[in-house]
Amino acid sequence: MSRFASSPAPRTALDGIPAYVPKPPRPPARGTSYRLFLNENPFPPLPSVREAISRASDGSNHYPEIFPTRLAGALADKYDVPLDHVVTGPGSVGIYQQIGQAFLAPGDEVVYAWPSFEAYPIVTRMAGARPVEVRLRDHTHDLDALAAAVTPRTRAVLLCEPNNPTGTAVGRAAVEAFLDDIPDDVLVVLDEAYVEFSGTADAVDGVALHRERPNLITLRTFSKAYGLAAWRVGYGFASPAVAEALRKCAVPCGVGRIAEEAALFSLTVEDELRARVEEITKERDRLRDALVGQGLPVAQSRTNFLWLPLGAGADAFARELETHGLLTRSFPGDGVRVTVGGREANDLLLSVAPAAARVPDPS
Ligand SMILES: Cc1ncc(COP(=O)(O)O)c(C=O)c1O
């Protein structure tokens, strides 16, 4: 009998979480492949950020601080927020784990829209809590239905604004009215991972909102607009009591030294980064207009990706794109999410999308 035939049983709460199965490397299609499936920034780090990373690597034999206090201080200054409001983690997904540990218990309910960020059901289930998923309406949060789904068992509401994977935003006034409907003892996580791409006057501002609402945590990241996904740095703002609870659950030294330096340095070159964000949003709008012109359905996007609600045709479309080297993310039966890439990838998408949309679904 194999030595591994029996082993200690993990918590049953984990039964509902799919195991991580590494994907076999995708075979190169025709030539270059383009990663358009994780909403990454298409630009490599700025040369000055690379230099900062390289300088910081000299200290790799030293542990980082328990919490990245210099980064927290810089964020507090930038947003004019007291230091004890700042939370950090190894990516904003790291902060989600802190939220699960600090606030969720078996039997609690967590309300969020679906489809939305795929970490939500995982974090909820990991805590033994129950996901309550509310379908989007017109690819957008149905805020009335979300508010109606809140019950005395609801411990948290997760609101992704703008929403991943659809790219849509409901805007500041609607979010504020929604927050007014949520009881004070329910935690609201406002996920602003794509806030820098929103670019509209009515975009929600979680930093401002958290000042008046002690039940609100706003989460942001260096992974998207700042282009530092590999370094895993997320941050957020919450009332001192909520932030303290999250810090208690943070992995000590969870933000590495080099990651902290990269993030810190990025805050000093925001103008250059903003120019890149502008380039991405221009490309996004060009791409969307052209795809719509080709007769494809594309949701309005306030992010660095586009959502094509192709329903039953989603998988066939994504598979066909893959044969051309365009690696996108299909949500079978719903749609396909395509990250805005560099010019070359975007032009390739435009040249193959109409034919890909005509490929019949084999099932
Ligand atoms: C809505 C949303 N929140 C959070 C994240 C995670 O960001 P991080 O890299 O900071 O963990 C993502 C990444 O795709 C996301 O789409």
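**Exercise 1. Locate the ligand in this predicted model and describe the residues around it.**

*Solution.* Step 1: the ligand sits in the largest pocket. Step 2: its shell holds 13 residues, where a residue counts if one of its heavy atoms lies within 4 Å of the ligand. Ser92, Asn164, Tyr194, Thr221 and Ser223 are the closest of these residues. Step 3: sorted by class, the shell comprises 5 nonpolar, 5 polar and 3 charged residues.

**Exercise 2. Which atoms of the ligand lie opposite the side chains of Asp191, Ser223 and Lys224, and at what distances?**

*Solution.* Step 1: for Asp191, the partner is a nitrogen atom of the ligand, 2.8 Å from a polar side-chain atom. Step 2: for Ser223, an N or O atom of the side chain lies 2.6 Å from an oxygen atom of the ligand. Step 3: for Lys224, an oxygen atom of the ligand is again the partner, at 2.8 Å from a side-chain N or O atom. Step 4: on its own the ligand has 400 Å² of accessible area, and the protein covers 93% of this area.

**Exercise 3. Determine how many cavities of 30 Å³ or more are present, and characterise the largest cavity.**

*Solution.* Step 1: the count is 3 cavities. Step 2: the largest cavity has a volume of about 70 Å³. Step 3: its lining consists of 13 residues, and those closest to the centre are Pro45, Tyr226, Gly227, Leu273 and Arg276. Step 4: by class, 9 of the lining residues are nonpolar, 3 are polar and 1 is charged. Step 5: domain 1 (26–46 + 271–358) and domain 2 (48–266) each contribute at least three residues to this lining.

**Exercise 4. State the volume of the second largest cavity, and give the composition of its lining.**

*Solution.* Step 1: the volume is about 50 Å³. Step 2: the residues lining the second largest cavity include Ile66, Phe67 and Pro68, Thr88, Gly89 and Pro90, Gln98, and Ala250, Val251, Gly254 and Val255. Step 3: this lining divides into 7 nonpolar and 4 polar residues, with no charged residues.

Terms used: Residues are numbered from 1 along each chain as its sequence is written. This is a predicted model: local features need pLDDT of at least 70, side-chain atom pairs count only at pLDDT 80 or more; totals for chains, interfaces and linings use all residues. Side-chain values use heavy atoms; hydrogens and water are left out. A polar contact is a pair of N or O atoms within 3.5 Å; within protein, one must be able to donate a hydrogen and the other to accept it, and residues adjacent in sequence count only if both atoms are side-chain atoms. Accessible areas come from the Shrake-Rupley method with a 1.4 Å probe; for residues, only the protein chains shown count as cover. On a 1 Å grid over the protein atoms alone, a cavity is a set of points where a 1.4 Å probe fits but cannot get out, and a pocket is an open set with protein on both sides within 12 Å along at least five of seven lines; lining residues have an atom within 4 Å of a point. A molecule sits in a cavity or pocket if more than half of its atoms lie within 2 Å of its grid points. Ala, Val, Leu, Ile, Met, Phe, Trp, Tyr, Cys and Pro count as nonpolar, Asp, Glu, Lys and Arg as charged, and the others, Gly among them, as polar. Grid points are joined across faces, edges and corners, and a volume is the space filled by probe spheres set on the points. Domain bounds come from an automatic or database domain assignment.
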